[in-house]
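Reader: I would like to go through a protein chain step by step. Please keep the answers short.

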Amino acid sequence: MTSTAEHTAQATTIEPIPHWIGGERRTATGGRTAPVFDPALGRQIREVPLATAEELGEAVAIAKAAAAGWRDTSVAKRQQVMFAFRELVAARRQELAEVITSEHGKVISDALGEVARGLEVVELATAFPLLTKGEFTENVSTGVDVYSLRQPLGVVGIISPFNFPAMVPLWFAPIAIAAGNAVVLKPSEKDPSASILIAELYREAGLPDGVFNVVHGDKEAVDALLTHPDVAAISFVGSTPIAQYVYETASREGKRVQALGGAKNHMLVLPDADLDLTADAAVNAGFGSAGERCMAISVVVAVESIADELVERIAAKMAGIRTGDGRRSCDMGPLITQVHRDKVAGYLDVATADGATLVVDGRDAEFDGEPDGFWLGPTLVDHVDPSSAVYRDEIFGPVLSVVRVASYEEGMALIAANPYGNGTAIFTNDGGAARRFQHEVEVGMVGVNVPIPVPVGYFSFGGWKSSIFGQGKAYGPHGYQFFTREKVVTSRWLDPSHGGLNLGFPQN
């Protein structure tokens, strides 16, 4: 019979997470570790290693060796691997979602949605023969042909954020791999287990060992990846200050970089909008994934004439949100860590100090979960002044701010003055106003009566201004352009009628 003490020891056993290098789980040797929490329980469940520069370098060396063979693997074989990978991810989506929920906290349905959006890009990756082929022009001069080739870069590094531990790696790695590159992924140390499951699915799909590697770590591993001479490119998603650091550091080392940063996304609501539809959209876009996503609507810009009614409807719909453990059929889960929860909650004190009105205070909510979970309920703040940190900062939590404006023009000026330019939306039944908005607004992704305008996989994802640094957006055509480089060949095969010397500069 097992004693109570043994049961307690089993319940609190901390599972170590391995690296994935060269097609296998690899025990860390660096010695430093970090805790991985279940945010709904408020306790540590796993331990992640923090790699040294030497461990990172070993992964890069293995990736470099694997890249040479993978780039010369036939297009047909690479495509078969991508098709197999797509089927495996689809078949194991529930398992992947459960892993995400256990470490991130988002509800299972939201985690399944994350996997589904990642699958869109995997499906795009199966079409890489069409998207990486070159062009050919015959007889540009007599007997001379010119054609272009798109070739892989070699080893590429991916640094992914905590808020989408499966989707963001699936935005970058499948396209990079399909195009013939090898990958070293550094996932967030807050929720790293999904990346190991993805690595196992790549191996099961037939991807050669070393083409996809996972190295866990913190700034030491990141800096080693950014500066390693055998890493040709870096793809990053995270906050704007870190995106800028990644861009500047890796660019100095001669790498191409796509660094997607933060956001402060606005929803402009005009007087003719359907307010029920708009309120639903604001709640869904503001509180999905507990607001921890760069495409969340964090600011409702309401024209004054309808602001009172809109705020009332949003508050009424918020009352139906059930916050709790994502495995209990709740609508919204906890925040990722206690530190982040406290930081987000601190903005509510800032709001009241700056004269805003707390219409719904998430600190007062009831939670369907363990008392130690990192809880904060949906929060609605009205009369937010644009000078307040509540407006200026990317809060990255379930806090929806309402800024009131007198007109469309004032709302547009507010959006234009914001340093971010990731996503935005307009809610209106006026087609002319919507067309003017999408033409004039200085933002990379625009929704018309769509609150979270994340493009489908065959378009590209990315913002403007301080929401992106470097060359190219994620996935879609930009993704293939980023992970390949063009080579142009000018070719002439002489026939017997040609010959003789001509030392002049070619004129044709």
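Reader: How many bridges join β4 to strand β5?

Author: This is a predicted model, where local features need pLDDT of at least 70, side-chain atom pairs count only at pLDDT 80 or more, and totals for chains, interfaces and linings use all residues. Residues are numbered from 1 along each chain as its sequence is written, and side-chain values use heavy atoms, leaving out hydrogens and water. Strands are DSSP runs of E with at least two residues, numbered from the N terminus, and two strands pair if DSSP finds at least two bridges between them. Strand β5 (residues 43–49) runs antiparallel to β4, and the number of bridges joining them is six.

Reader: Which residue in the turn of the β4 and β5 hairpin has a positive phi?

Author: Four residues lie between the two strands of this hairpin. A positive phi, of about 75°, belongs to Gly42.

Reader: Which residues of strand β4 point to the buried face?

Author: Buried means under 20% relative accessible area, with a 1.4 Å probe and protein chains only. Side chains alternate along β4 (residues 33–38): Thr33, Pro35 and Phe37 point to the face that is not buried. Those on the buried face are Ala34, Val36 and Asp38.

Reader: Which residue in β5 stands opposite Ala34?

Author: Ala34 belongs to the buried face of β4. Opposite Ala34, in β5, stands Val48.

Reader: What is the relative accessible area of Ala425?

Author: Ala425 lies in strand β21 (residues 423–427). Contact means heavy atoms within 4.5 Å, and beyond four places in sequence Ala425 has contacts including His266, Leu268 and Phe437. Ala425 is buried, and its relative accessible area is 0%.

Definitions and conventions
Buried < 20%, exposed > 50% of the residue type's maximum accessible area, 1.4 Å probe, protein only.
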